[in-house]
Each structure stands twice: as C-alpha cells, then as structure tokens.
Amino acid sequence: ERAQDNIDKTLQRLPRTLNFAALASRAAPPRHWFRDGWVGSGVTLLPGTGGTGKSALEQHEATAAGLGRAYFAPACDPYKTLVWNCEDEHDDMWRRQEAICEHEQVGMADLAGRLVLVSRYGCENALMAELQRTLVVTRLFEELRQQVNDEHIDVLTLDNAAHVFLGNHDDRTQVTQFVNELNGLVRGRTFGIIVCAHLSRAIGSEFTGSVAWENAARMRWYLGSRLPDQRPEDGDEAATDTRFLCRRKSNYSALDHVRMTMRRGLLIPDDAPLSHIGGLVHAMDEKRADETCVAGFRSL
C-alpha cells in the first residue's frame with residue numbers, strides 16, 4: 001500500500017495537458033482563496049526588516065485561520081496552517097501563542113488539529129542547496145512533503161528564506177527553481193505557501209535578492225514601519241509601534257494595505273475588518289472609547 005501511495009503521489013506531480021474536448025462541456029472551477037484577496041494558492045513572499053513582527057504576524061494569522069476568524073482581513077472558512085519557524089525557540093513561540101490565545105479569548109487546547117507550530121531553531125533547515133554547482137532538493141524537503149500531505153496542511157509558512165534555501169538568492173534561475181519546487185509539494189488540491197524574508201540594506205528596498213523572488217511568487221506582501229513609497233522626508237519619523245502590511249504584488253487581487261499597531265508583542269489591526277469576532281485588546285479599546293465619550297459629555 002505504501003509503494004502504491006508513493007506511485008500515486010509521483011503521478012500527481014506529472015505535467016497536466018489541457019484536454020480541450022473533455023473541458024469543452026465544463027466550466028473552470030472558481031479561484032479558491034483561503035483568506036479572501038490575501039492568502040491563495042502558490043507562493044506568497046513576505047519581506048520585512050528584522051524586528052518588524054513577521055513571526056508575530058504569521059503566528060497570529062495562522063491562529064485566526066484555524067478558527068475561521070478575521071485578522072487583518074475578514075473572517076474566512078477555517079484552514080490548517082503549518083509554520084516552520086527557524087529563528088524562534090520553542091518557549092518563545094509558546095509565550096507568543098499564550099498572548100495570541102488571550103487576545104482571541106480561546107484556550108490552547110482549542111487549536112489542536114487546527115494549527116501546527118514547529119520551532120526549528122538550531123536545526124538543519126535546508127530544503128534546497130547547491131551540490132557541485134547543481135541545485136538539489138534535500139532529504140528534509142521530502143520530509144516536508146510528507147508532513148504537509150499526511151496532515152492535510154492547507155497553508156505552509158516558512159520563516160525564513162535564508163534558512164530553507166541555501167542556493168544563490170541573487171540567481172534568477174535558482175530562485176525560480178526553488179519557488180517551483182515549493183509549488184509542487186502538493187497536487188490535486190489548493191495549497192498555499194508563505195515565505196518570510198528580509199530586506200536588503202538599500203534605501204527603499206522591498207525585498208532582497210533576485211527579482212525572481214517577486215516574479216515567481218503569485219503574491220508579495222511587505223511589512224514595515226512606513227508605507228513602501230513613503231520616505232522619512234515625507235513626514236514625521238515613523239512611530240515605533242506602527243506597522244503597515246501591504247499587498248504590493250498580486251496576480252488576482254488589487255493592491256492594498258492594512259495599518260497595524262504592535263501591542264504586547266502582537267500586531268493588531270487599527271481598524272477591525274468587517275465580521276471581526278473581536279479579541280481582548282479590541283474589547284478594551286471599545287470600552288476605553290465609551291469612557292472617553294462619557295467623560296466628554298460630562299465636561300460639556
């Protein structure tokens with residue numbers, strides 16, 4: 001049975017040719033979004049400078065996704081995320097998850113079967129590497145393929161590109177090959193991948209390495225303390241706790257951005273999306289706003 005299963009998986013990864021005669025009487029299926037306009041199939045690149053909160057963002061998004069709740073975008077059908085975090089220790093992710101659960105007002109046990117968080121801090125994390133000037137997949141890549149298929153993962157988050165890709169980040173061919181290999185992890189169902197990355201040191205940089213990182217990905221986000229087109233001379237210094245999550249490239253949705261604030265180590269949207277179920281901080285903000293209004297009436 002295992003041998004047959006391996007054969008089936010191999011066959012699923014073969015190229016597929018459009019059969020015009022068979023498709024003539026059928027309509028193409030609608031495009032599937034896990035998170036409408038933001039998280040779909042294929043690779044999404046998430047660049048940002050160190051310390052901006054990429055890990056907090058991805059872990060909170062994965063939690064909200066497992067619960068089917070709104071976060072920086074409206075609520076969605078629940079989907080299961082696997083996070084491979086190569087830079088945070090187990091207990092750091094644990095502490096962050098406690099804060100997220102407190103904000104969302106859920107227990108840790110409520111996430112069982114909905115979310116998989118893996119700390120790979122200090123582990124061997126290369127999925128692809130150069131061997132005698134040839135880029136090859138590693139044994140770990142096949143382990144990842146088995147995990148996302150065996151656990152029926154909908155969205156995979158890799159944090160970050162420098163750990164999992166040991167090829168030349170400035171080589172367009174190698175970067176394209178890596179992104180294409182990621183797209184082949186799952187076949188026969190919709191599957192999304194979010195790859196976190198850092199920015200280059202150049203002023204105005206929105207990602208680092210070859211332009212193929214953007215060209216090969218279906219979507220590119222950007223996380224920073226300013227909007228990407230905003231320069232320091234355009235206004236006051238950026239607030240230390242303000243972040244902008246921007247959709248800078250999207251093949252199938254419009255460009256957009258969300259303003260967020262860092263609170264207690266979490267990134268919280270300034271404007272809650274419609275149908276937001278709400279969390280502890282949001283409830284506290286509403287209570288504080290009510291008290292401010294009442295105080296204003298009293299002063300008048």
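1. Two strands count as paired here if DSSP finds at least two bridges between them. In this predicted model, strand E6 (residues 128-131) meets that condition with E9, since the two strands pair in the parallel sense over two bridges. Within this pairing, Met 128 is the residue that stands opposite Phe 165 of E9.

2. On its other pairing, E6 is joined to E7 by four bridges, and these two strands run antiparallel. Ala 129 has Val 136 in E7 as its bridge partner. E6 and E7 form a hairpin in which two residues lie between the strands, and Gln 132, in the turn, has a positive phi of about 55°.

3. Taken together, these pairings give an open sheet of three strands in the order E7-E6-E9, with mixed pairing. Strand E7 (134-137) and strand E9 (165-166) stand at the edges with a single partner strand each, so one side of each is left without a neighbour in the sheet. Which helix lies across E6, E7 and E9? That helix is H7, which runs at about 135° to E6.

4. Helix H7 (172-183) also takes part in the largest pocket, where this helix and strand E3 (42-47) each supply at least two residues of the lining. The volume of the largest pocket is about 1,200 Å³. Its lining is made up of 28 residues, and those nearest the centre of the pocket are Arg 16, Pro 29, Arg 189, Thr 190 and Arg 218. When the lining of this pocket is divided by class, 13 residues are nonpolar, nine are polar and six are charged.

5. A search of the whole structure for enclosed space finds three cavities of 30 Å³ or more. The largest cavity has a volume of about 90 Å³. Its lining includes Arg 31, His 32 and Trp 33, together with Gly 40, Ser 41 and Thr 44, and it also includes Met 219, Ser 250, Asn 251 and Tyr 252. Arg 218 deserves a second look, as this residue lines the largest cavity and is also among the residues nearest the centre of the largest pocket. By class, the lining of the largest cavity has three nonpolar, six polar and two charged residues.

6. The second largest cavity holds about 70 Å³ of space. Which element gives the largest share of its lining? Three residues come from H3, and this is the largest share; helix H3 (54-67) and strand E8 (155-159) each supply at least two residues. Among the residues that line this cavity are Leu 57, Glu 58 and Glu 61, along with Val 155 and Thr 157, while others include Val 39, Leu 46, Phe 72, Tyr 79, Thr 81, Ile 194 and Trp 221. The lining of the second largest cavity divides into eight nonpolar, two polar and two charged residues.

7. A last point concerns the confidence of the prediction. The mean pLDDT of the protein chain is 88, and 86% of its residues reach 70 or more. There are nevertheless stretches to read with care: pLDDT stays under 50 over residues 6-11, for which the model has two contacts beyond four places in sequence. Over residues 274-282 pLDDT likewise stays under 50, although for this stretch the model has 19 contacts beyond four places in sequence.

Note on methods:
Residues are numbered from 1 along each chain as its sequence is written. This is a predicted model: local features need pLDDT of at least 70, side-chain atom pairs count only at pLDDT 80 or more; totals for chains, interfaces and linings use all residues. Side-chain values use heavy atoms; hydrogens and water are left out. pLDDT is the predictor's confidence in each residue, from 0 to 100. Contact means heavy atoms within 4.5 Å. On a 1 Å grid over the protein atoms alone, a cavity is a set of points where a 1.4 Å probe fits but cannot get out, and a pocket is an open set with protein on both sides within 12 Å along at least five of seven lines; lining residues have an atom within 4 Å of a point. Grid points are joined across faces, edges and corners, and a volume is the space filled by probe spheres set on the points. Ala, Val, Leu, Ile, Met, Phe, Trp, Tyr, Cys and Pro count as nonpolar, Asp, Glu, Lys and Arg as charged, and the others, Gly among them, as polar. Axes are lines fitted to C-alpha atoms, for helices over the stretch in contact, and angles run from 0 to 180 degrees between N-to-C directions.
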